[in-house]
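Thanks for asking me to look this one over. Here are my notes, set out as numbered points so you can follow along with the structure open.

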Amino acid sequence: MTDGAKSAFPENGRCGGTDPKTDTVIADYFLSRFIIGMEITMEYTIGEILRRFDLDFTSEPYGNGHINDTYIAGCDPKYILQRINSNVFKNPPEVMENIAKVCDHLRRKIIAEGGNADRETLTLVKTVDGQNYYKADDDNYFRVYRFIENARSVDIPESPEQYESAAKAFGKFQRLLSDFPANELHETIRDFHNTPKRFEALEAAVREDKCGRAAEVSDEIEFAFKRKNICPLIVDGLADGSIPLRVTHNDTKLNNVMIDNTTNRGLCVIDLDTVMPGSLLYDFGDALRGGAGTAAEDETDLSKVGIDMKLFEAFTRGFCSELADSFTEREIELLATSAIILTYECGIRFLADYLMGDTYFKIHRPKHNLDRARSQFKMVADMESKLDSMNRIVSDVLAGR
Ligand code: ADP
Ligand code: GN1
Ligand code: MG
């Protein structure tokens with residue numbers, strides 16, 4: 001389970017205090033963040049931000065995301081406060097416009113299908129001024145969601161059945177958005193899954209070698225450069241129309257779907273910052289990258305890293321159960337290969353970030369991005385050796401076997 005509380009103030013932010021006022025005061029601390037090893041403390045406290053949303057609660061850091069700063073706040077009900085990472089998302093108001101529209105659409109569709117929209121999609125909390133986000137004086141952007149109770153996020157599947165159900169949730173997410181007008185969505189990160197552009201960024205990082213790290217990672221660079229040919233497979237299909245443009249999530253990491261504690265099933269897809277027009281293969285491939293692995297994304301013992309074929313089959317079954325009717329021939333051809341492409345793409349992103357001085361992904365130890373890149377590349381190599389079996393599983397699942 002995601003290790004929610006990582007507060008530097010472990011005695012703070014606990015619920016159940018008799019005096020809510022005292023709780024608030026104790027747990028109200030300054031926000032700080034690290035930029036290239038330097039701690040920057042902001043000039044306001046979390047409590048002050050929460051009050052902009054008419055909330056007066058305790059809070060503490062929460063979750064395992066690599067991008068935004070997430071805090072849990074309150075007791076009953078609870079809330080999620082997030083500082084949007086504006087180094088990654090250059091236009092937070094556009095991100096929030098996308099999210100509000102997507103959540104509205106999902107809410108309507110979930111209700112129409114007889115579901116519980118309060119649990120099956122995110123609910124934004126408005127500021128006292130009726131906005132979906134609060135912009136602080138220092139240009140930091142904050143948003144609040146209602147906390148989804150009696151559910152958890154997991155980094156690694158606890159069983160193939162649970163993973164199949166998470167896959168179904170991601171598939172359903174895309175199905176429910178299949179009639180969303182894609183042209184209304186902003187591109188929140190340009191060329192996010194454009195693998196050839198990601199390759200160019202790696203080439204530039206190697207050329208620049210601004211931290212003097214390239215020599216140390218020559219094996220990883222060689223591994224990446226040798227596979228340049230797989231980069232254009234999906235973008236070429238999008239360009240020639242054999243792969244349709246759909247509204248996709250684009251960050252289908254397992255911990256971006258909440259698992260219901262009672263049913264152990266995929267309940268709600270979260271982390272909607274990257275919902276944009278894209279390929280179904282992005283969501284399929286990216287989900288398998290980490291979720292179907294035999295080890296964590298940052299495992300340093302590479303002998304443990306590889307693809308678990310039972311998990312691959314479980315994910316394929318769950319995802320296809322929602323979407324198979326709409327697959328094109330080229331999408332089917334590339335389903336298994338997309339797991340290799342998206343894992344490779346993430347590996348080159350981690351490697352480029354390591355070379356550039358770790359400015360994009362949050363790291364928790366030196367060389368964390370390099371460890372992540374190495375494990376992604378080991379996963380790629382393992383999937384390459386099992387591609388025939390992966391393709392066979394795709395055919396069998398689609399044939400209903
Ligand atoms: P990041 O973009 O940094 O990955 P996420 O939006 O995925 O941030 O949030 C980080 C974690 O916070 C999630 O993995 C999940 O555990 C938790 N979380 C986010 N939103 C909610 C919510 N509405 N209810 C409960 N938990 C949430
Ligand atoms: C980031 O936000 P999070 O932690 O769910 C990243 C993904 C990567 C993933 C690797 C916006 O996902 O693209 O695949 O880390 N999100 C963004 O763990 O870059
Ligand atoms: Mg996330």
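1. Let's begin inside a sheet: which residue of β8 stands opposite L81? L81 faces V144 in that strand. Please keep in mind as you read on that this is a predicted model.

2. L81 has a partner on another strand too, since Y71 stands opposite L81 in β5. Y71 belongs to the story of β4, residues 69-74, which pairs with β5 in the antiparallel sense over six bridges. The link between β4 and β5 is a hairpin of three residues.

3. Strand β8 covers residues 141-146, and six bridges join β8 to β5, with the two strands running antiparallel. As for β5 itself, residues 78-84, six of its seven residues are buried, so the strand is largely enclosed by the rest of the structure.

4. Now to the ligand. Ligand 1 is surrounded by 19 residues, and the closest are N68, Q82, I148, S153 and D271. For Q82, a polar side-chain atom lies 2.9 Å from an oxygen atom of ligand 1. For I148, the atom concerned is a backbone N or O, and it lies 2.9 Å from a nitrogen atom of the ligand. N256 offers a side-chain N or O atom that is 3.0 Å from an oxygen atom of ligand 1. On its own, ligand 1 has 560 Å² of accessible area, and the protein covers 97% of that.

5. Helix α7, residues 218-226, is worth a look as well. Its buried residues are E220, I221, F223 and A224. Viewed down the axis of α7, the buried residues fall within an arc of 160 degrees, so they line one face of the helix. D219 and K226, on the other side of α7, are exposed.

6. What covers the buried residues of α7? The cover includes α6 (195-208), α11 (329-356) and α12 (368-385).

7. Finally, the protein as a whole. You will find 13 helices and 13 strands in it. The protein has 401 residues, of which 53% count as buried. Among contacts with a separation of 6 or more, 73% are between residues 24 or more positions apart. The exposed surface comes to about 17,700 Å², with carbon and sulfur atoms supplying 49% of it.

Technical notes
Residues numbered from 1 in each chain as written. Chains lettered and ligands numbered in written order. Predicted model: local features only at pLDDT ≥ 70, side-chain atom pairs only at ≥ 80, totals over all residues. Heavy atoms only, no water. Buried < 20%, exposed > 50% of the residue type's maximum accessible area, 1.4 Å probe, protein only. Helix = DSSP H or I, 4+ residues; strand = E, 2+ residues; numbered from the N terminus. Arc of directions from axis to C-beta. Contact = heavy atoms within 4.5 Å. Near = heavy atom within 4 Å. Polar contact = N/O pair within 3.5 Å; in protein donor to acceptor, adjacent residues only side chain to side chain. Areas by Shrake-Rupley, 256 points an atom, 1.4 Å probe, with all protein chains shown as cover. Pairing = 2+ DSSP bridges.
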